[in-house]
Amino acid sequence: MAELRRISFPNGSHSVEARNGEEEGYNYHHQPKSYQVNSYKKSSYELEVMKKNGEKKHANDNGAPAVVIRNASKHFTKGVPVLDNFNMTVQRGAIYSLLGSSGCGKTTTLACIVGVRKLNEGNIWVFGAKPGVKGKHVGFMPQETSLYGDFSIAETLSYFGTLCGMDRDSAAKGTAFLTELLRLPPSSRRVGTLSGGQRRRVSFAVALIHDPELLILDEPTVGVDPLLRESIWNHLVRLSKERGTTVLITTHYIDEAKDSNAVGVMRDGRLLVEQDPALLLHRFNTTSLETVVLHLCRKEAAIVGENSNSKTTSTGLKRLLSDAESPPDDSKFTPPVDDEDTNVHITDSVARIKSLVYKNIVVLFRNLLLFIFTLIIPSFIIWVMCIAFKDDPKNLDFGIVNLEVTNASLCLNRDNVPGECDVENLSCKYLENIPADVIDMIHYKSEDEAIAAVHAGSVWGYILFPEGYSSYFYERAATGANVDEEVLNKSEIVVKMDQTSKNIVNRIKKSFHDGFEDYAKNILRDCGFDERQAEFTLNYHEPVFGTDDTKFIDFVAPSITVIWLYFFPIIAASIRYINEKKQGTFERSLVAGTKTWEVLFAYGMAEGFVLVLQSLLAYFVLTVLIGIEVLGSIPLVLFMFLLCGFGGVSMGFFIGSLCNEEIEAALLAMALFFPNVFVSGVLWPLEGMPIVLQYIAYFLPCTLTGEAMRSIFARGWTLSHPNVWPGFAALFGWISFYFVLTVLIQKFKTK
Ligand SMILES: Nc1ncnc2c1ncn2[C@@H]1O[C@H](COP(=O)(O)OP(=O)(O)OP(=O)(O)O)[C@@H](O)[C@H]1O
């Protein structure tokens, strides 16, 4: 048996036991013979990067290993551990391959290292700091490709590069270099049009573009041909050897891990072994790592079978591995936390927000049809609704039973002499004063016929003039207080109606009412009396706000606009947010050091452009196409429209952070939105609702806003008015609330 000796890592910070003798030539640092590292001619990009690399390594060189995991436990479902007292150490500059069967927890381990998942117990340090802190020093290639299908390859690399602090020039040079290295398609090709393997290579290039100090690669060689796989490994070895880049990689091609400096073998959330692959091969006396892994897993399974207790299992495993290196047990190890990078760098944030805004704008304009729809649809719906609500009901069929003038044509052929006191056939005079555009009169010979027509649904009701109506009416007017019962009865016009539709009934009543007042005034005036005797003693003078003929549309149009400008961005923002989560680009951005609030803020900024256009279009529809008058400040109206849009965006984020599927988001948006519409006084005044509902309504985002909008439109009130500023305050409050809630939910979800 050969003797063990210590060999060092490239940075000299760690050493492992190795044997001398027959395994001379294997060490933690061995390179396969096929790698012609020294004969490789470096590109200008690489030279530039190497120069920078010196400074960067210095910046991060606090002596801590690249990755340290201690006593880590993680579960998604209580009682089903995915990581179970897991320990791992990845030394700086090493290539570390994490091996294990499907579902043993490799991806979860990587996700915890990059900070998109949190451990339930235990600690992780990345370069001595908490996961996520060293975001831009880490290059992450997730298992899914996690790219924007609408981006070209060049845009993709530029976006992720700038997110990690590169300038566009360096990103372009890096793109050219990686295109050649990874044999990528022309960089102008859209990612969405690439094959699966090509996309994986682009995803790999994204992890490499900013020349990170730590590369975390989740199965980078899946679906890649053997030649390219070799070139990928060549590059990783070169990075590790020449630039001290640490590589942590998972792979199902176990034997390709022979080219790494260390392998960690996982099973059921535990690390069975962490060792130089050459030593493992030697100790298990085989040339195949696959055989080693199989052997270890079988042994461990046997031990687990004997003892269900995990502590006993671990002791048994140590016995099993007595001729190999057991997992580290230095649980007291506490690497220093690097304070420098835990500080908030405002310039980094600004740079990241710029990249994110740029990305959002590109995504927006790439889907031009979607962009146009998003822009036009809210205004189109507002226009359709306003057209539908614009006019009060008209052309309403109504029966006339005129027992005074049995032949209807007599009424039509009457000689009307203006100013003459003619008190015959007054029924005809009254009918002339009923607005013809509202009431379509249908004459019936008898009351029975008219009733039958109402029952048949042909008319909304009928009006009946008794026989001799004119003379009785005149007598009633002339007699005054001593009028007898018969005169009172026979001078009465009888109206019977189908009163099932409140709006139609009100419209008919008002028409008859106004018509009667005009008719009575005309007679009095023509017969030399004061026409004001026909007026009610309760007199409605000129309105303070609105007109005598204020229509439903005047009430409803401003609040409908608020509602739709609020609703549409909910759908758009939530679906975009879910898309980003589903395609993994959101997590990928987070790994690069981006904060959730930066993603939201940047989305809001890009979306702001659409919202401004939407607000202007909605204003045009309301005022020009529909003809609604704005008495108040136009800028205030536009500002409120814009805020409504942002309100919708923030609610969309909230919904997007809760849901995982677009359909869930659409359903939740509707479930939250429609009660909002009906309760917030948009269609029906709050005053008509139960008091409890009124209080609830005041907490909804569109209630005070709709009221404020109406006040600006129809009353001309300004921001200082107590009916206006609460609308703005409510919107600001809701936007902030949803924004904070989304950030908190996102934080909670990483757990
Ligand atoms: N979000 C999640 N919710 C619930 N369970 C999860 C979640 N993510 C992973 N798991 C479970 O955790 C276990 C480990 O999954 P993980 O993806 O880490 O395995 P893996 O070793 O990377 O597998 P593979 O090699 O197939 O990618 C699996 O049983 C998986 O079903």
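A crossing of two helices is called right-handed if the near helix is turned clockwise from the far one by less than a right angle. Keep that in mind as we walk through this predicted model, starting with a helix pair that shows it.

Helix α19, residues 552–582, passes helix α25 in just such a right-handed crossing. Their axes lie 8 Å apart, and α19 packs against α25 (residues 703–715) at an angle of about 130°. Angles over 145 degrees would count as roughly antiparallel and 65 to 115 as roughly perpendicular, and α19 and α25 are therefore oblique to each other. If you want to find the contact on screen, look on α19 for D554, P558, S559 and V562, which meet T705, G706, M709, R710, F713 and A714 of α25. Sorted by class, this contact holds five nonpolar, three polar and two charged residues.

A second helix pair sits much earlier in the numbering, formed by α3 (residues 153–163) and α4 (residues 168–181). Here the angle is about 130° and the axes are 9 Å apart. α3 and α4 are therefore oblique to each other, and their crossing is right-handed. On the α3 side the contact involves A154, L157, S158, G161 and T162, while α4 contributes R168, A171, A172, G174, T175 and L178. The classes in the contact of α3 with α4 come to five nonpolar, five polar and one charged residues.

Now let us turn to the sheets. Strands of a sheet pair through backbone hydrogen bonds, either parallel or antiparallel. One open sheet has three strands, arranged in the order β4-β3-β6 with antiparallel pairing. Its edges are β4 (80–90) and β6 (121–126), each of which pairs on one side only. On average, and ignoring direction, neighbouring strands of this sheet are turned by 30° against each other. Strand β3, residues 67–77, joins β4 in the antiparallel sense over seven bridges. To trace that pairing, you can start at V67, which stands opposite V90 in β4.

Another open sheet is built from six strands, ordered β7-β8-β9-β5-β10-β11, and its pairing is mixed. The edge strands here are β7 (138–141) and β11 (270–275), each pairing on one side only. Neighbouring strands in this six-stranded sheet are turned by 15° against each other on average, direction ignored. Within it, β5 (residues 95–100) and β9 (residues 246–250) pair in the parallel sense over four bridges. One residue to look for is Y96, whose bridge partner in β9 is L248.

Helix α2 links this sheet to the last stop of the tour. α2 lies across β5, β7, β8 (214–218), β9 and β10 (262–267), and runs at about 150° to β8. This helix, residues 106–114, also supplies three residues to the shell around the ligand, the largest share. Which residues surround the ligand? They are F76, V82, G100, S102, G103, C104, G105, K106, T107, T108 and Q143. In terms of class, that shell divides into three nonpolar, seven polar and one charged. Glycine counts among the polar residues in this scheme, which is worth remembering when you compare the shell with its list, as G100, G103 and G105 are among its members.

Key:
Residues numbered from 1 in each chain as written. Predicted model: local features only at pLDDT ≥ 70, side-chain atom pairs only at ≥ 80, totals over all residues. Near = placed C-beta within 6 Å. Helix = DSSP H or I, 4+ residues; strand = E, 2+ residues; numbered from the N terminus. Axes fitted to C-alpha atoms, helices over the stretch in contact; angles between N-to-C directions. Parallel < 35°, antiparallel > 145°, perpendicular 65-115°, else oblique. Contact = placed C-beta atoms within 7 Å. Pairing = 2+ DSSP bridges.
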